[in-house]
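Welcome to a short set of worked exercises. Please open the model in your viewer and try each task before you read its solution.

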Amino acid sequence: MADKNIIDKARLENFSDGVIAILITILVMAFEIPEDFLIKKYSIFELLENLIPQLISYAVSFLVIAVHLFNHHLLFSKMKAVNATFIWLNLLFLFSLSLIVYPTALLGQNHNQETATMLLIGAYFFKAVTFRWLHHYAIFKSGLYTTESTKKELRKEDIISWLKGPLVEVIAFLLIFIDFRLALGLIFVVTLTYVVPPKKL
């Protein structure tokens with residue numbers, strides 16, 4: 001007997017893509033122009049001094065969101081369909097992504113950077129947990145995930161993903177007390193490791 005809760009995945013995937021596209025757009029819209037730009041003559045170096053802190057926080061958050069967009073597509077490509085639980089977990093994941101925007105803008109202001117980084121890493125941590133929860137449910141609980149990998153291989157990949165996701169954010173948060181730039185650097189480097197597509201798609 002067919003499960004009435006099973007729904008075609010296309011609409012949810014398209015909606016998710018739209019939300020993520022909007023979030024990336026909002027990230028770049030958070031760039032602030034100097035208040036006296038229209039009345040003061042700026043050199044290129046003065047403009048760069050204003051831009052670089054904003055660009056750094058933007059680049060890190062853009063990469064984080066872009067990598068999750070890619071992994072989100074990989075997850076959906078393995079799903080035969082979705083159900084109500086998957087939809088709500090996916091919405092929670094999108095909500096967690098939206099929380100990245102505000103602390104990214106704060107960090108770009110070049111003031112109270114340790115506190116802003118704490119908020120940003122906290123948002124990254126919540127995002128990592130919600131995506132791992134979505135991923136875990138899809139693979140092990142939904143019954144809608146298709147793969148040629150064995151359960152042993154899947155569990156191994158799941159453990160590695162938890163270590164590279166939420167645990168890294170915890171370490172990054174602790175690094176803020178040494179230097180917030182170390183925390184951002186760690187997030188950036190670890191996220192770069194996801195840029196290379198996995199051997200098994």
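One term comes first: buried means under 20% relative accessible area, exposed over 50%, and partly exposed in between, with a 1.4 Å probe and protein chains only. This is a predicted model, in which local features need pLDDT of at least 70 and side-chain atom pairs count only at pLDDT 80 or more, while totals for chains, interfaces and linings use all residues. Residues are numbered from 1 along each chain as its sequence is written, and side-chain values use heavy atoms, with hydrogens and water left out.

**Exercise 1. Describe the chain as a whole.**

Step 1. Begin with the secondary structure, where helices (H or I, at least four residues) and strands (E, at least two) are DSSP runs numbered from the N terminus. The chain has eight helices and zero strands.

Step 2. Take the extent next: the C-alpha trace spans about 70 × 35 × 25 Å along its principal axes.

Step 3. Now turn to burial and surface. Of the 201 residues in the chain, 40% are buried. The accessible surface (Shrake-Rupley method, 1.4 Å probe; for residues, only the protein chains shown count as cover) is about 12000 Å², and carbon and sulfur atoms hold 67% of it.

Step 4. Finish with contacts, meaning heavy atoms within 4.5 Å. Of the contacts between residues at least 6 apart in sequence, 78% join residues at least 24 apart.

**Exercise 2. Find the salt bridges and say how each partner is placed.**

Step 1. Apply the criterion: a side-chain nitrogen of Lys or Arg within 4 Å of a carboxyl oxygen of Asp or Glu. The whole structure yields three such pairs.

Step 2. Look at Glu169 and Lys127, whose side chains meet at 3.7 Å, N to O. Glu169 belongs to helix H7 and Lys127 to helix H5, so this pair ties together parts 42 residues apart in sequence. Glu169 is buried at 6% relative accessible area, and Lys127 is buried at 4%.

Step 3. Go on to Arg132 and Asp158, with their closest N and O atoms 3.2 Å apart. Because Arg132 lies in helix H5 and Asp158 in helix H6, the bridge ties together parts that are 26 residues apart in sequence. Arg132 is buried, with a relative accessible area of 7%, and Asp158 is buried too, with 10%.

Step 4. Complete the set with Asp179 and Arg181, which meet at 3.0 Å, N to O. Here Asp179 is partly exposed at 21% relative accessibility, whereas Arg181 is exposed at 57%.

**Exercise 3. Which residues is Lys127 in contact with, leaving aside its neighbours within four places in sequence?**

Step 1. Locate the residue: Lys127 sits in helix H5.

Step 2. Collect its contacts beyond those neighbours: Val64, His68, Phe93, Ser96, Leu97, Ile100 and Glu169.

Step 3. Connect this with Exercise 2: Glu169 is also the salt-bridge partner of Lys127.

**Exercise 4. Trace the surroundings of Gln54.**

Step 1. Gln54 is part of helix H2, residues 44–78. With a relative accessible area of 6%, Gln54 is buried.

Step 2. Set aside neighbours within four places in sequence, and the contacts of Gln54 are Ala30, Phe31, Glu32, Gly108 and Gln109.

Step 3. Check one distance: the C-alpha atoms of Gln54 and Asn110 are separated by 7.8 Å, with their positions 56 residues apart along the chain.

**Exercise 5. Map the nonpolar surface patch.**

Step 1. Use this rule: patch residues have over 30% relative accessible area and no salt bridge, with like charges joined within 9 Å and nonpolar side chains (Val, Leu, Ile, Met, Phe, Trp, Tyr) within 5 Å.

Step 2. List the members: Phe125, Ile159, Leu163, Leu167, Val170, Ile171, Leu174 and Phe177 make a patch of about 740 Å². Helix H6 (151–164) and helix H7 (166–175) are the elements that give two or more residues. The largest share, four residues, is from H7.

Step 3. Inspect one member: Phe177 lies in the loop between H7 and helix H8 (180–192), and is exposed at 57% relative accessible area.

**Exercise 6. What is notable about the phi of Asn112?**

Step 1. Asn112 has a positive phi of about 50 degrees, although it is not a glycine.

Step 2. Asn112 is placed in the loop between helix H4 (101–107) and helix H5 (113–141). Its relative accessible area of 64% makes Asn112 exposed.
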